[in-house]
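Trainee: Could you take me through a single part of this model in some detail? I would like to see how one strand sits among its neighbours.

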Amino acid sequence: MNESMLCTKTHEYVLEIDKNKYEVGITDYAIEQLGDIVFVELPENGSEFAKNEVFATIESVKAASEIYMPISGKVIEINEEIADSPELLNDENYENKWFVKIESSADQVEFADLMDYSDYKEEVE
Amino acid sequence: MTKQTFLHDKHIALGARMVDFAGWNMPVQYSSIIDEHKTVREAAGIFDVSHMGEIIVKGEDSLPFLNKLVPQDIAKLVDKKAVYCQMTNKNGGIIDDLIIYKLEEQKYLVIANASRIDDDLNWMVRNKIGFDVTIVNESHNFSLLAVQGPKACDLIRSLGVNVLPEFFMIKREELFYINVWISRTGYTGEDGVEILVRNEFSEYLWDKLLEAGKSFGIKPIGLGARDTLRLEASLHLYGNDLDEDTTPVEAGLSWSVSKTKTEDYNGKSVIEEQLKNGGRKKLIGLKMLDKGIARHGYDVYYENEKIGVITSGGISPCRGDNIALAYIKPLDNLTVGSTIQVMIREKLHNAEIVKRPFVTKHNKV
């Protein structure tokens, strides 16, 4: 996990990859807690979401979980690989675990409740 | 307060993830639900199911008493033979689904669901007026270990049990110098046994079975895989697929209703009427055609009209697709092969009605 990513209390992360461009996914802790991941439903490219809006659904063997947008934004790329092969998320050697890339003009207010990865780790452990 | 089985420390030591289930803190998985599932289909798995209830019914009237409680005919049981059945209320609704063993004349062992023990005992006591029976809840004295899978019986034989009980029979045996009851039963669709042991020996027996089972590929299995295994085998889960508003006929369990028993039993008039004319709803098996997992509580549609609800659903690790059990209105034009829809996150997903069980059972039903 990249140390500069920011995390939500609901286990999503957001990572700046370029100016106003971000990668969004769920944390390694969330993946471990879910266990075998068997289904990932991602939004359509181009769809827009508000902060805290459900943008994806992930299903483990046991249950379905909704995934929330850490900040507002418009989807510019989706990770087709994990949609086709959700079990890749459980593969320790697989690195591209992001769900979507978004374009966002979110201001500081939207970032205010996000945690540094180190703080997040402390919170969940 | 959440209860723990006598094997709780063993589960923690094995790295299990624990969850609360029916008032018990139980292992849901040790490694991965899918791996554990496949281990049981291909080799052998050991389960701690000590949360299940054990009730002894004994006394002169134990047979007529039990025959009043369930639609099965308990009179047909020979010594050490078991039968799957349901305890029904006056409307034929299922209070619990049970396995009843005849241990000897006038003495029966009833295996009940953890979540239902109190209701079962209350109902039994309410029904015991006029019967000379004693009902003893032994649940807190016994642990129950299930050893299931194609290698399970070989493992038990390797421990010196030369003659295993036949399917749905129980036997008094000695394992590692401990007295146990071994029954040829399970909840996975695989061959295997369930071992009833007094609590004080359960940790010792668990360790010994894991050790001796190594060469058979045995692994500890959690409730997560227990659920996917029983779903593939289309075995009902009380609280999901069975409840007090569902009769054995509606649940597809007419095979476990005696057609010859002459005695009256609770709910008989409703159940006999439904045997002739069908129930208000019926249980079906579904396989998802569209991508998506049907889960407990999701609505089922046909021609844009709600016709039922999913009661159990998930992935089938062995088939590699998504399967479900649902109750639907009994419509004549819907049969195996028909396409209906499941509402998943506000979108209709196609599903096909398929035969149950979803995976061929390897035990001798």
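Mentor: Happy to; here is a close look at one strand of chain B, β4(B). First, a note on conventions: this is a predicted model, in which local features need pLDDT of at least 70, side-chain atom pairs count only at pLDDT 80 or more, and totals for chains, interfaces and linings use all residues. Residues are numbered from 1 along each chain as its sequence is written, while chains are lettered from A and ligands numbered from 1 in the order in which they are written.

Strand β4 covers residues 44–48 of chain B; strands here are DSSP runs (E, at least two residues), numbered from the N terminus, and helices are runs of H or I with at least four residues. Five of the five residues of β4(B) are buried, a word that calls for 20 or more other C-beta atoms within 10 Å of the residue's own, with C-beta atoms placed from the backbone. On one side of β4(B) lie Ala44(B), Ile46(B) and Asp48(B), on the other Gly45(B) and Phe47(B), and both faces are covered.

Now the partners, where pairing takes at least two DSSP bridges between two strands. With β14(B), residues 218–220, β4(B) pairs in the parallel sense over three bridges. With β10(B), residues 142–148, the strand runs antiparallel, joined by four bridges. Ile46(B) is a good residue to click on: Pro220(B) of β14(B) stands opposite Ile46(B), and so does Val147(B) of β10(B).

Technical notes:
A residue is buried if 20 or more other C-beta atoms lie within 10 Å of its own, exposed if 12 or fewer, and partly exposed in between; C-beta atoms are placed from the backbone.
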